[in-house]
Amino acid sequence: MEMHLITGGNGFLGGFIARSLLDRGAIVRIIDVVDDPKRDPRSDFFKVDVLDKEKMLQVIKGVDYVHHNAALVPLKKAGDRFWLVNVDGTRTVLETAKSAGVKHLSHMSSSAIFGSINEHDCPITDKTPTHPAETYGRSKLAGERIIQQEMENPQGMSCSIIRPRTIVGSERLGIFQILFEWISEGRNIYIIGNGSNLFQFAHVDDLVDVSIESAIQHKRGFFNIGTDRYRTLREDLEELCQIANTGSRIVGLPVSLASGSLWLLDKLKLSPLAPWHYLSYHKPFYFDISKPIAELGWKPVGE
C-alpha cells in the first residue's frame, strides 16, 4: 500500500487531497503546524513545520509521494515570512523528499506568478511570461523555480508543478467569506471596473485529481488548472446575488480610484484584501487547460 505525505494537510486543499487518497485506500501522513479536530481520523498527523529539516527527514521516511501544499497565502499579509515558508520551506520539502527516495513530488503553485496580465495574454499557457506583481507572487515563483530545476534535470526526481486559478468548492472561505457575508446581509458588492473581464475559477476536486494523478503517473511538467466553463466576473456575481435573493447588487467602481484606494488602505492595514486581489481581479484571467487534459487524462468538473 502506497504512502502519501501532504504538507499543509489540514488546510482547505490539503484536507480534500487527504480524503480522496484515503478513499482510494492509500496511507496518508499529514504534516501541519496545527492539528484539525475535523481531520479524517484515518490519516496520521505530525506537527511539523516545513522549515524544520530534521523533523521533515523523520516524518518523510517510507513515503512514496509528496503533495506540497504548505504555503502562506495572500490574505496572511505575511511580509518577509512569505519568503521563508513559500521558498525556504519548499526547498526543505524537496531536499528531504530526495533523500528519502520519494517517487514524485506534486507542488501546488499559484496563478499569482503571472502577475497582473492583460487581455492579449489570455489564454495563459506554459509559454506565458511570469511577472509577479507583489510579494506573495514573487515568493511562489521562487518556490516554483526550485521545483522546476529538479523537474527539468533528467537525473532529478519526478516532480510536477500545478498552477490553480481562484479555487472554489464546499467549505471554501478566505476572501469568499467577506463576499458571502455581504450578500447574506443584502449589501451591495463593489467591484473594480465594470466586471466585463472573463474570469476563470478552479474547482477543488480538479486540483485534487491533478495532484494525485500527476503523482501516481510520475508526470513531470507544468499543469495550469481551471474550469472549462467561465464567464465574466460580473455575470458570476450577479447570478450569486440572484440565487441569494437578498437585494444585493453589483456596483462597478472606476479602476484607478478603486485600486488606488485599496492600495492605500492596504498600506494602512485597514483593508481585508491583499495586493494580489486588487491588482488582478478586474483583469481577464484564464488558462488554456488542454495540456493537463491531454497528458493526465483529466477532465474538469462539469465537463
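**Two helix pairs and the loops around them**

At a relative accessibility of 38%, His-218 counts as partly exposed, because that class lies between buried (under 20% relative accessible area) and exposed (over 50%), as found with a 1.4 Å probe on protein chains only. The model is a predicted one, in which local features need pLDDT of at least 70 and side-chain atom pairs count only at pLDDT 80 or more, while totals for chains, interfaces and linings use all residues. Residues are numbered from 1 along each chain as its sequence is written, and side-chain values use heavy atoms, with hydrogens and water left out.

His-218 is found in the loop between α6 and β11, where helices (H or I, at least four residues) and strands (E, at least two) are DSSP runs numbered from the N terminus. Although His-218 is not a glycine, its phi is positive, at about 55°. Gln-217 lies in the loop between α6 and β11 as well, and with a relative accessible area of 30% Gln-217 is partly exposed. If residues up to four places away in sequence are not counted, Gln-217 touches Glu-295 and Leu-296, contact being defined as heavy atoms within 4.5 Å. Gln-217 and His-104 are 113 residues apart in sequence, yet their C-alpha atoms are 8.9 Å apart in space.

From this loop we can step back into helix α6 itself. With 13 residues, α6 reaches 19 Å from its first C-alpha to its last, close to the 18 Å expected at 1.5 Å a residue; the expected span of a helix is 1.5 Å times one less than its number of residues. Among the buried residues of α6 are Val-204, Leu-207, Val-208, Ser-211 and Ile-212.

The partner of α6 to consider next is helix α1. This helix has 12 residues and reaches 17 Å between its first and last C-alpha, close to the 16 Å expected. Of the 12 residues of α1, 10 are buried, so the helix is largely enclosed by the rest of the structure. The buried residues include Phe-12, Leu-13, Gly-14, Gly-15 and Phe-16. What do the buried residues of α1 pack against? They pack against the strands β1 (3–7), β2 (27–32), β4 (65–68), β5 (104–108) and β7 (166–168), and against α6. Just after α1, Gly-25 takes a positive phi of about 90°.

Two packed helices are described by the angle between their axes and the distance between the axes. Axes here are lines fitted to C-alpha atoms, for helices over the stretch in contact, and angles run from 0 to 180 degrees between N-to-C directions. The axes of α1 (residues 12–23) and α6 (residues 204–216) come within 9 Å and cross at roughly 60°. That makes α1 oblique to α6, because angles under 35 degrees count as roughly parallel, over 145 as roughly antiparallel, 65 to 115 as roughly perpendicular and the rest as oblique. At this meeting, Phe-12, Leu-13, Phe-16, Ile-17, Ser-20 and Leu-21 in α1 touch Val-204, Asp-205, Leu-207, Val-208, Ser-211 and Ile-212 in α6. The residues of this contact divide into 9 nonpolar, 2 polar and 1 charged, where Ala, Val, Leu, Ile, Met, Phe, Trp, Tyr, Cys and Pro count as nonpolar, Asp, Glu, Lys and Arg as charged, and the others, Gly among them, as polar.

A second helix pair is formed by α3 (residues 81–99) and α4, whose axes come within 8 Å and cross at roughly 15°. That makes α3 roughly parallel to α4. The contact of α3 with α4 has 8 nonpolar, 5 polar and 5 charged residues. Among the residues that meet here are Phe-82, Trp-83 and Val-87 in α3 and Tyr-136, Ala-142 and Ile-146 in α4.

The loops hold further features. Pro-123 has its place in the loop between β5 and α4 (135–151), and the peptide bond from Cys-122 to Pro-123 is cis, with omega near 0°. Asn-245 lies in the loop between α7 (233–244) and β13 (250–253). This residue has a positive phi of about 55° although it is not a glycine, and at 65% relative accessibility Asn-245 counts as exposed.

Is Thr-227, in the loop between β11 (221–225) and β12 (231–232), buried or exposed? Thr-227 is buried, with a relative accessible area of 15%. Leaving aside neighbours within four places in sequence, Thr-227 is in contact with Gln-200, Phe-201, Ala-202, Ile-289, Pro-300 and Val-301.
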